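Biologist: I have a new chain on my screen and would love to talk it through with you. Shall we take it strand by strand?

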Amino acid sequence: AVSKGWFLTLSASGEKAVSGAVTVFGTTFFTTNRPTPPAPGVCSSNLGEARLYAVGFELGAARLDLNADGVIDEYDLYEVVKGGGFLPQPVYSPVEIDGKTVDVVCTGSKCFSPGASKSSTERYRTYWYVE
């Protein structure tokens with residue numbers, strides 16, 4: 001049988017997607033949360049571990065060097081975001097800085113480049129029909 005599509009098994013026990021996804025320039029961004037037990041001897045709960053994923057929409061492979069080691073590999077599928085909790089849905093926005101358009105994706109207070117070569121607002125009309 002020929003496989004059509006892909007899926008990504010989340011690596012942490014109890015990890016769940018907690019917001020919608022956005023795909024920008026071939027990279028799909030989404031956030032997850034993993035409940036974490038409180039530290040021994042602590043009588044309060046915590047927010048859990050928050051993760052931000054950036055994967056290629058074609059194969060689900062890492063697309064950005066999230067760990068900043070100079071190599072894009074399986075260790076770049078996600079980044080743990082400090083503070084934990086439930087991150088909001090990632091949002092794409094081209095912003096103007098010093099007269100130049102810069103593409104960014106933001107979730108909460110974390111913003112970064114989606115790895116695009118250029119942005120375009122040009123749209124193409126597409127038609128479908130049923131025979």
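Modeller: Gladly, and one definition helps before we start: two strands pair if DSSP finds at least two bridges between them. Please keep in mind that this is a predicted model.

Biologist: With that in hand, what is the order of the strands in the open sheet of three strands?

Modeller: The pairing in this open sheet is antiparallel. Strand E6 (91-97) and E8 are the edge strands, each pairing on one side only. From one strand to the next, the twist averages 35°. The order is E6-E7-E8.

Biologist: How many bridges pair strand E7 with E8?

Modeller: Strand E7 covers residues 100-107, and its pairing with E8 is antiparallel. Within this pairing, Thr107 stands opposite Lys110 in E8. The number of bridges between E7 and E8 is three.

Biologist: How confident is the predictor, and which element has the lowest mean pLDDT?

Modeller: For the protein, the mean pLDDT is 85, and 92% of the residues reach 70 or more. Among the elements, strand E1 (residues 16-17) has the highest mean, 94. The lowest mean, 83, belongs to strand E8 (residues 110-112).

Biologist: Let's turn to strand E4. How many of its eight residues are buried?

Modeller: Take the two faces in turn. On one side Glu49, Arg51, Tyr53 and Val55 are buried, and on the other Ala50, Leu52, Ala54 and Gly56 are buried too. Strand E4 (residues 49-56) is therefore largely enclosed by the rest of the structure, with a buried count of eight of the eight.

Biologist: Which residue of E4 stands opposite Phe29?

Modeller: Strand E3 (residues 27-34) and E4 run antiparallel and are joined by eight bridges. Opposite Phe29 in E4 stands Ala54.

Biologist: And in strand E5, which residue is the bridge partner of Leu52?

Modeller: E4 and strand E5 (residues 78-81) are also antiparallel, joined by four bridges. The partner of Leu52 in E5 is Glu79.

Biologist: Now the aromatic rings. Is the pair of Phe29 and Phe112 stacked, edge-to-face or tilted?

Modeller: The protein has four aromatic pairs. In the pair of Phe29 and Phe112, the ring centres are 5.5 Å apart and the planes lie at 55°, which is neither under 30 degrees nor over 60. Phe29 sits in strand E3 and Phe112 in strand E8, 83 residues apart, so the pair links distant parts of the chain. On those angles, the pair is tilted.

Biologist: Are Phe29 and Phe112 buried or exposed?

Modeller: Buried means under 20% relative accessible area. Phe29 has 0%, and Phe112 has 14%. By that cut-off Phe29 is buried, and Phe112 also counts as buried.

Biologist: How far apart are the ring centres of Tyr53 and Tyr78?

Modeller: Tyr53 lies in strand E4 and Tyr78 in strand E5, so the pair ties together parts that are 25 residues apart in sequence. Tyr53 is buried at 2% relative accessibility, while Tyr78 is partly exposed at 27%. Their planes are at 45°, so the pair is tilted, and the ring centres are separated by 5.2 Å.

Biologist: Which residue joins Tyr53 and Tyr78 in one aromatic cluster?

Modeller: Look in strand E3 for this residue. The residue is buried, with a relative accessible area of 14%. Its contacts include Leu8, Tyr53, Val55 and Pro90. The third member of the cluster is Phe30.

Biologist: With which residue does the side chain of Thr32 make a polar contact of 2.6 Å?

Modeller: Thr32 is found in strand E3, and Thr32 is buried, with a relative accessible area of 0%. Beyond its neighbours within four places in sequence, Thr32 is in contact with residues including Lys16, Val18, Ala50 and Tyr53. The side-chain partner in the polar contact is Glu15.

Biologist: One last stop, at Pro35. Is Pro35 buried or exposed?

Modeller: Pro35 belongs to the loop between E3 and E4. Leaving out residues up to four places away in sequence, Pro35 touches Gly14 and Gly48, and the C-alpha atoms of Pro35 and Glu49 are separated by 6.4 Å. With a relative accessible area of 52%, Pro35 is exposed.

Definitions and conventions:
Residues numbered from 1 in each chain as written. Predicted model: local features only at pLDDT ≥ 70, side-chain atom pairs only at ≥ 80, totals over all residues. Heavy atoms only, no water. Buried < 20%, exposed > 50% of the residue type's maximum accessible area, 1.4 Å probe, protein only. Helix = DSSP H or I, 4+ residues; strand = E, 2+ residues; numbered from the N terminus. pLDDT = per-residue confidence, 0-100. Phe/Tyr/Trp six-rings, centres within 6.5 Å; stacked < 30°, edge-to-face > 60°. Polar contact = N/O pair within 3.5 Å; in protein donor to acceptor, adjacent residues only side chain to side chain. Contact = heavy atoms within 4.5 Å. Axes fitted to C-alpha atoms, helices over the stretch in contact; angles between N-to-C directions.
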